[in-house]
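Please look at the sequence and the three-dimensional model side by side. The paragraphs that follow lead through the structure step by step.

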Amino acid sequence: MQTVSTIVSQRMMLSAFFRGPVTPRPLRISLPFQANSVELHGELQDRHHDPIPLHHRPDGNEWEFAIDLAPGVYAYKLVVDGSWRLDPNNPRTRQRTVHRDNVWVVAGTPEPLLFAPALPHCVPHPRGGYRITALLRKGFGSSLRIAWSEGRPDTESVMPMSRVSEEQEHIVFRSHLPTSTPFARFRFLLDDGTFVGQENGHDFDIPKCIDRLPSFWEQAVVYTIFVDRFRPQTDHSAWADDPGPDLPAYGHIDGITRSLDSLADLGVTVLHLTPIHVGASCHRYDVIDPLTVDPAIGGEQALRRLLDAAHQRGLRVLLDFSMLHVGTGFAPYEQVKREGPGSSLAPWFRWRDRSGHLQLDHYGGRVDAPLLNLDHEPVQELALQAVKHWTRFGIDGFRLDAAAQVPLSLGTRIRDTLRENAPHSLVLGEVVPAHAWRWQQAGVVDAATDFSFHATMTSFLAERSIDAATAAERIEYAVSEALSANRAVRFLSTHDHNRFATLCAVRGAPNRTALGMLMLVAMPGTPLLVYGEELGMAAKIAALRPEGAWEDRVPMPWSWSETQIAFRSLTRSLLQARRNHPALHSGDMQIVYAEDRLLVLRRALGNDIVDVVINASDSSVELSLDDDWLELLEPVASTGDVRVQDQQVCLGANSGLLAQRKPRQRPAGVIELMEKERKRRHNEAFASGRSEAPVRPSRIDFSITERCNVRCRHCINHSPDRVQQQTARTLSPAVLDRIREDLAHASYFGFVHGGESLTAPIFFDVLEAIRFARAGAPTVIHLLSNGMLLTPDVVERLVQAGVSSISLSIDGASPSVHDRIRVGSRLSVIEKHVEKMVELRHRHQLDLRIGLSCVVMTENQFELLQIVHLAARLGMDWVKFEELVASTEFARQWLVDPQGEETRNLVEEAVKQGRRLGLTMVDHTAPPRVWRCKLKDSPQMASFLGADQFANRSVIHPCRAAWEHVCIEPNGDVHIASFHGAVIGNVMAEPLTMLWNGSVAQSERMRSRLERICGDGPVTCLSENEII
């Protein structure tokens, strides 16, 4: 028996995306039979079409190879003596479709899970946090949970993962962790209670993302220009004549420059030029001189003119970087042709042994296009020299041709050299394999082509070989498994394949081309168009093999027919819709409906929500896009025969629609009736003591962030320590997205917990989400701030966003006291801000309530009277004295007994003086337990409650809180009744509507009912007309 062992060096490769230590470990394979050759195929090799040959060791019956791998899950298979075989020593397998492969997990989970903290299993989410995907082997449970924290014990949470699909051997689970600190850790929890982390038992750390895309790529629309076929230097009547395969049409760089205004008007933002160096053919992919702009297309001066003109218009330019093969005229090739395999330059090329004779290995079966040996150092040096050369012109990046054929080491050097010389540039990789993440993670590419979308649209729309359900499944898989967000470049056509319009036309359905364009624009990722695609250019026949589609590479026409003008207008309107709607260029995607030939998607980003409707059948269809919240459906762009009436849509054959969704603005009278009905149902549930709440929460409090711009020495939230330790959390857009509809049902919103809300840019996003969701309904928004950031501009913005109540934390009447307690705060600055705020309120007659909150302690209790006078002088409406919580060492030193004689006298004197000055005063240093049913019997309790309600601008009903009040943490955890209440779940795991009536919430309502004075008896704090 001959043994085959594969020894793999697992040294960590510093990737452009993730970094982290990896412990070296060998992988060994034994075959129970004799073998003459063994090759390894799959995701392990760095060149897609080149299998890894295992080398026979002369000192035994073993074979081996070595490879560097970053963390990941890699599929592979063996070819032993020409036959496909699984690795008999590796029980870890995965079967996505009909083929079963082995998988090798580097720095990931042991069985029964497939996961590694790397692409595509751990992906930064554009809305914050990370998307985690794990595969559970069948037979080990039907659900999966993820336990995670953000560097502190108080942030530990367990969330159920969503079951998203099923494979032959595994169930696929996914979860969105809304992490906002660099110290997040997690592990998985099986149904039997087993925790699964790394093989060594440790938790996983969230990988540190160290890569950023240049800003010009955020909303990029890429346009590929076949330079020879796009436009001549000067227009002439013979230009549109097809010169035939492989023959030049004599396009010119100046022709591109003359077309920039047209391209910018279309909506293009990034130009990709096919090779412009000297080449042996009109496409120039067969290199002759990689350091010279071909004089036939204008030379260096034409390139400089193009770059200057493009940048003036805000356009970016990517050059095609092609070093795969060369052509006749390349100097080393000419020498090797003369001297043969013995030439000193022979190592520049790849060779094949044919019957004992070495022959040059050529590209694509040709005999004049030898493949370069990209492992040879002089070849790599020439490639890097070319990178440096082209960056001197001011280009914006490269399209790396056949990136999967470039060794990872060279690809990484190319990208690193580009970034060193052009820091804000980008590498777009032409990556044909589905596992494009391999090249991104290795640092070869910033973005990569997604050929699966091209294949899916061809099958669904052009060929009609699959239905909408299959198309939706493939689209969803591509979006989740391919590169994230705009790193995935999607297209209908390439300059190497038949145009999509051709594939539709040859099947007698040219009108389906427009549906493809609509889908391209509506998909996540970055859209790419090939020259002329905006005109619907199509050939009369379709080529049978890739790269032979010369009928689809005819010169670009510049005298357009009415049909071409109409198609360009459609393309322009679609690209404009994408530019105007963040949901289309950056939003999440949801499959709403997919059956037969009808496909409905929803794209959403914040308040921007767009439905995408595709009817790919030859008959009309009517459908209802009912949405109880987003009742308005406004067409944005369409193709074919489309009619919209309210939420009813009629689509003619092969028609499509983009429609924006919005909540309906209702008249004041209708709003009032709806609010009364909601309150009635709240009251009815509370009065009956039911554990289930019939409507959603009417009050939502947020902890927007734990970060703060001051360092209060008595901070109850420990913000100073958390900021210093980088464990302060901030609400992510993803959490906000999960509760947008819930905001429509609440009428009160408080921002009084955590750090300083104004330090978090997302705070204003939350305010805008509230405004959008409430759609004009009466709303109270209350903000607690330290005042340092409340500039006049900020206050105006807050008021415009709907804030109607502001509380400022001031802990001293003199700078010496206040500034010492609240380190980093300046009382003088806050006073100026309040003066301007009050002046603004008076000038514009704003409905804005302003107050002051002071924590009473030994350090400031002798200034309480002066604090009251300060509030009155500044024009504030109320003052609240609060108890000190012994949360820090300083707080414990400054703690006072609120019932002590001295402190009580000082507080009461200040309260009385404040009332004489016209202020509403709240003594919260020793707050009484409030029972609304006892207010008539306790004037003191009634006075306290009335003042506290005024300060918070809310109706406070403690007994009812469990039926109407939730508090949301930055990570999405939801407390019931208060931030000290039980956590009823996390909105990233389940919708708030489910959490609100989940088992924990209902249990808390039962407990709350038993704690109230009336217990199980009749409720007396509500009048009959409120209940009925």
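This is a predicted model, and the tour begins with its empty spaces. Eight cavities of 30 Å³ or more are counted here. The largest cavity holds about 110 Å³ of space. Which residues line the largest cavity? Its lining consists of T224, H272, R399, L428, E430, T449, F451, F491, T494, H495, D496 and L528. By character, the residues of this lining divide into four nonpolar, five polar and three charged.

Two of the lining residues, R399 and L428, lead to the next part of the structure. R399 has L428, in strand 28, as its bridge partner. The strands concerned are strand 27, residues 397–400, and strand 28, residues 426–429, which pair in the parallel sense over four bridges. Both strands belong to a barrel that eight strands close, in the order 19-20-23-27-28-29-30-31, with parallel pairing. From one strand to the next, the twist averages 30 degrees.

A further set of strands lies earlier in the sequence. Strand 1, residues 38–42, pairs with strand 5, residues 72–80, in the antiparallel sense over five bridges. Within this pair, H41 stands opposite K77 in strand 5. Strand 1 is also joined to strand 2, residues 52–53, by two bridges, and these strands run antiparallel. Here L40 stands opposite I52 in strand 2. When reading such pairings, it helps to recall that in a regular strand the side chains alternate between the two faces of the sheet.

Definitions and conventions: Residues are numbered from 1 along each chain as its sequence is written. This is a predicted model: local features need pLDDT of at least 70, side-chain atom pairs count only at pLDDT 80 or more; totals for chains, interfaces and linings use all residues. Side-chain values use heavy atoms; hydrogens and water are left out. Two strands pair if DSSP finds at least two bridges between them. Axes are lines fitted to C-alpha atoms, for helices over the stretch in contact, and angles run from 0 to 180 degrees between N-to-C directions. On a 1 Å grid over the protein atoms alone, a cavity is a set of points where a 1.4 Å probe fits but cannot get out, and a pocket is an open set with protein on both sides within 12 Å along at least five of seven lines; lining residues have an atom within 4 Å of a point. Grid points are joined across faces, edges and corners, and a volume is the space filled by probe spheres set on the points. Ala, Val, Leu, Ile, Met, Phe, Trp, Tyr, Cys and Pro count as nonpolar, Asp, Glu, Lys and Arg as charged, and the others, Gly among them, as polar.
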